[in-house]
Amino acid sequence: MRGMPPSTGVVRRDRIAGVLLGTAVGDALGLPREGLSPQRAQRIFGDDVRHALVHGRGMVSDDTEHTCLVAQSLLAAPDDATRFAESLAWKLRFWLLGLPAGVGLGTARAIAKLWVGFGPSSSGVCSAGNGPAMRAAVVGVCHATDRSAMRSFIRASTRITHTDERAERAAFLVAFATAYAATRRADEVVPAMFLRAARTAVWDADEELSGILTVMEEHVARGVSVQEFASALGLTRGVSGYAYHTVPVALYAWLSHPGDFRAAVTDVIRLGGDTDTTGAIVGGICGAGVGASGIPRAWIDGLWEWPRSVAWMNDLADRLAPQFPDDGSPPVSVGELPLAWPLVLPRNVMFLAIVLGHGFRRLLPPYGGGT
Ligand SMILES: [Mg+2]
């Protein structure tokens, strides 16, 4: 079995593709339900989580786009966090010019600051939103075996848009979980052991995060559902975009089903709220564990995307894998992967029309279950 790490079972390239495609699939599946309570989402879309954005197909939002921008910047500057941040800041500037339909408030303000001349280390705004966490998994899989590089790249990526340390700790936890999943078999992921390792890894956890990790430990020990854990955090009407809500719930969903991509993503999306981001984060972490080959084929085939197509994301994985080997072999740089950017604007205009259509759809029956 040449080229296959003996202890982990899934080949490295498949794990990296699993993060990219897992993020895209979770994002696309969650997007139609974004902002709805679990009750209302269930009444409109039913219990089954499937592609439902446009004629049974799915499209991706900022979560996947930023993950791809981070991946491109990792190729541009694989071992220098400062140059990585400069590259990512430029990609974010032009991303905003493409008129994306969904952009978090903190992220929009920070990119506006980049455009008026702030550098990537001073453009961030004080926000504890989940923007940095939603793009963190790809850093985790690429720097899976280098904790200090993971930490400095997460810091660099976070500070471009968010200065609140809670946003950075949450993003680090996503990267840490992704690295954890990427370096073992799924059946070796023991929730209590992961949580103990996470507590040590986040060395500067504040009181709130420590308390949440304790609640997670208690719930994991009882083996209860992610729904019950979310209720304990007060999230019965949907998971919020606050980093300390989004990330613990996403981690819990993954820990409940580390080897079952479909179950983990379905469970977290059924909780409602910021479902594209919770779906994307769980998809990224779980994708690192099971690999792209462990993601339901119909979910990948159901993506309707360009220029960031499934084939393009596979090309990204093809380049990242030799650049970030995990077996001690020297990195082989194959350079950046360009994007057919002239297609972005027409794609985004169509995407905006589809998303607006969903907004109107929500004004119609069946009602019940709140927003
Ligand atoms: Mg989104």
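# A predicted model, by question and answer

Me: How many residues does helix H13 have, and how far does the helix reach?
Reply: This is a predicted model. Helix H13 covers residues 243-256. A span of 20 Å is expected at 1.5 Å a residue, and the helix comes close to that. So much for the expected span under the rule of 1.5 Å times one less than the number of residues. The values are 14 residues and 20 Å from first C-alpha to last.

Me: How many residues of H13 are buried?
Reply: H13 is mostly covered. Among its buried residues are Ala243, Tyr244, Pro248 and Leu255. Val249 and Trp254 are also buried. The count is 12 of 14.

Me: Which residues have the most contacts inside the largest nonpolar core?
Reply: This core has 110 residues. Helix H9, residues 165-182, gives the largest share of the core, with 12 residues. Two residues of H13, Val249 and Trp254, are on the list of those with the most contacts. The full list is Leu74, Val138, Phe194, Val249, Trp254 and Leu320.

Me: How many residues does the second, separate core have?
Reply: This core is separate from the largest one. Its members include Leu31, Val54, Met59 and Ile354. The number is 6 residues.

Me: Which residues does Val138 contact, leaving aside neighbours within four places in sequence?
Reply: Val138 is among the residues with the most contacts inside the largest core. Leu74 and Leu320 share that list with Val138, and both are in contact with Val138. The full set is Val19, Leu20, Thr67, Val70, Ala71, Leu74 and Leu320.

Me: Is Ala89 buried or exposed?
Reply: Ala89 lies in helix H4, residues 81-97. Its relative accessible area is 0%. The cut-off for buried is under 20%. Because 0% falls under that cut-off, Ala89 is buried.

Me: How far apart in space are Ala89 and Pro120, C-alpha to C-alpha?
Reply: Along the sequence, 31 residues separate the pair. Ala89 is in contact with Pro120, as well as with Leu114 and Ile160. The distance between the two C-alpha atoms is 6.0 Å.

Me: Is Thr64 buried or exposed?
Reply: Thr64 is found in helix H3. Beyond residues up to four places away in sequence, Thr64 touches Thr23, Ala24, Asp27 and Met313. Its relative accessibility is 1%. The cut-off is under 20%, so Thr64 counts as buried.

Me: Which residues are the protein donors of the magnesium ion?
Reply: The donors follow the spacing S-D-D-x212-D along the chain. They lie 2.0 to 2.4 Å from the ion. Asp62 and Asp63 are both buried. The donors are Ser61, Asp62, Asp63 and Asp276.

Me: Which residues lie nearest the centre of the largest pocket?
Reply: The pocket has a volume of about 480 Å³ and is lined by 29 residues. H18 gives the largest share of the lining, 4 residues. Two magnesium donors, Asp62 and Asp276, appear among the central residues. Nearest the centre are Glu34, Asp62, Gly102, Asp274 and Asp276.

Me: What is the volume of the largest cavity?
Reply: The structure holds 3 cavities of 30 Å³ or more. Residues lining the largest include Val60, Trp95, Arg308 and Asn348. Helix H18, residues 344-361, supplies the largest share of that lining, 3 residues. The volume is about 70 Å³.

Key
Residues are numbered from 1 along each chain as its sequence is written. This is a predicted model: local features need pLDDT of at least 70, side-chain atom pairs count only at pLDDT 80 or more; totals for chains, interfaces and linings use all residues. Side-chain values use heavy atoms; hydrogens and water are left out. A nonpolar core is a set of buried Ala, Val, Leu, Ile, Met, Phe, Trp, Tyr and Cys residues joined through side-chain atoms within 4.5 Å. Buried means under 20% relative accessible area, exposed over 50%, partly exposed in between (1.4 Å probe, protein chains only). Contact means heavy atoms within 4.5 Å. Donors are N, O and S atoms within 2.8 Å of the metal (3.2 Å for Na, K and Ca); water is not among the atoms, so sites may look incomplete. On a 1 Å grid over the protein atoms alone, a cavity is a set of points where a 1.4 Å probe fits but cannot get out, and a pocket is an open set with protein on both sides within 12 Å along at least five of seven lines; lining residues have an atom within 4 Å of a point. Grid points are joined across faces, edges and corners, and a volume is the space filled by probe spheres set on the points.
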